[in-house]
Amino acid sequence: HSWFGSETHPRSRRTAEGFVVNVYTLPRWRSRGVGRAVMDALVADARALGLRRVHLRTSDDGRPLYEQMGFRDPGNYLALDLD
């Protein structure tokens with residue numbers, strides 16, 4: 001089972017990039033580590049698959065979590081390089 005769709009990228013030793021879509025934490029579960037646990041599992045899966053980068057779009061509410069995890073904004077999507 002994989003969480004990711006992917007596309008190849010010819011300039012990397014890792015050839016695929018993943019896209020995370022529609023992560024949402026119910027308000028009553030926010031600030032309890034639930035969203036972080038889900039994202040940690042997604043990133044671990046991406047590493048296990050050998051992906052070179054993970055992209056996602058985020059709301060203003062979600063941005064601090066993703067930036068804390070190391071995602072950076074190269075344009076329209078935040079990205080986490082796994083190399």
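**Stop 1: Glu17**

Select Glu17: at 4% relative accessibility, this residue counts as buried. The cut-off for that label is under 20% relative accessible area. The model on screen is a predicted one.

Now show the side chain of Arg52. Glu17 and Arg52 form a salt bridge, with 2.6 Å between the closest N and O atoms. Glu17 sits in strand 2 and Arg52 in the loop between helix 1 and strand 3, so the pair ties together parts that are 35 residues apart in sequence. Is Arg52 buried or exposed? Arg52 is buried, because its relative accessible area is 8%.

Add Arg53. Arg53 also forms a salt bridge with Glu17, the closest N and O atoms being 3.5 Å apart. This pair links distant parts of the chain, with Arg53 in strand 3 and Glu17 in strand 2, 36 residues apart. Both Arg53 and Glu17 are buried.

**Stop 2: the other charged pair**

How many salt bridges are there by the distance rule? The count comes to 5. Side chains of opposite charge can pair when their charged atoms come close.

Move to helix 2, residues 63–68. Select Arg63 and Glu67, whose side chains meet in a salt bridge of 3.4 Å, N to O. Both residues lie in helix 2, 4 residues apart, about one turn of the helix. An α-helix has 3.6 residues a turn, so residues three or four places apart point the same way. Glu67 counts as partly exposed because its relative accessibility is 36%. Arg63 counts as partly exposed too, at 26% relative accessibility.

Go back to the first cluster and add Asp81. Salt bridges that share partners join Glu17, Arg52, Arg53 and Asp81 into one network.

**Stop 3: the whole chain**

Zoom out and colour by secondary structure. The chain has 2 helices and 4 strands. Along the sequence, the pattern is β-β-α-β-α-β.

There are 83 residues in the chain, and buried residues make up 35% of them. Which share of the contacts with a separation of 6 or more comes from residues 24 or more positions apart? Those residues account for 59%. Switch on the surface: the accessible area is about 5,700 Å², and carbon and sulfur atoms hold 48% of it.

**Stop 4: helix 1**

Select residues 34–48, which are helix 1. The helix has 15 residues. From the first C-alpha to the last, helix 1 reaches 21 Å, close to the 21 Å expected at 1.5 Å a residue.

Which residues of helix 1 are buried? They are Gly35, Met39, Leu42, Val43, Asp45 and Ala46. Look down the axis: these residues cover an arc of only 160°, which puts them on the same side of helix 1. What do they pack against? Their partners are strand 2, strand 3, helix 2 and strand 4.

Step just past the end of helix 1 to Gly50. Gly50 takes a positive phi of about 80°.

**Stop 5: Leu80**

Select Leu80 in strand 4, residues 78–81. Leu80 counts as buried because its relative accessibility is 8%.

Show what surrounds this side chain. Leaving aside neighbours within four places in sequence, Leu80 is in contact with Val43, Arg52, Arg53, Val54, Met69, Gly70 and Phe71. Val43 is one of the buried residues of helix 1. Arg52 and Arg53 belong to the salt-bridge network from the earlier stop.

Draw a distance from Leu80 to Tyr66. Their C-alpha atoms are separated by 9.0 Å, and the two residues are 14 residues apart along the chain.

**Stop 6: Phe19**

Return to strand 2 and pick Phe19. Phe19 is partly exposed, because its relative accessible area is 26%. Draw a second distance, from Phe19 to Ala79. The C-alpha atoms are 9.1 Å apart, with the two positions 60 residues apart along the chain.

**Stop 7: the nonpolar patch**

Turn the surface back on. Select Val23, Tyr24, Leu26, Trp29, Val34 and Val38, which make a nonpolar surface patch of about 520 Å².

Centre on Trp29. Where does this residue lie? Trp29 is in the loop between strand 2, residues 16–20, and helix 1. Trp29 counts as partly exposed because its relative accessibility is 40%.

Methods:
Residues numbered from 1 in each chain as written. Predicted model: local features only at pLDDT ≥ 70, side-chain atom pairs only at ≥ 80, totals over all residues. Heavy atoms only, no water. Patch = residues over 30% accessible without salt bridge, like charges linked within 9 Å, V, L, I, M, F, W, Y side chains within 5 Å. Areas by Shrake-Rupley, 256 points an atom, 1.4 Å probe, with all protein chains shown as cover. Salt bridge = Lys/Arg side-chain N within 4 Å of Asp/Glu carboxyl O. Buried < 20%, exposed > 50% of the residue type's maximum accessible area, 1.4 Å probe, protein only. Contact = heavy atoms within 4.5 Å. Expected span 1.5 Å × (residues − 1). Arc of directions from axis to C-beta.
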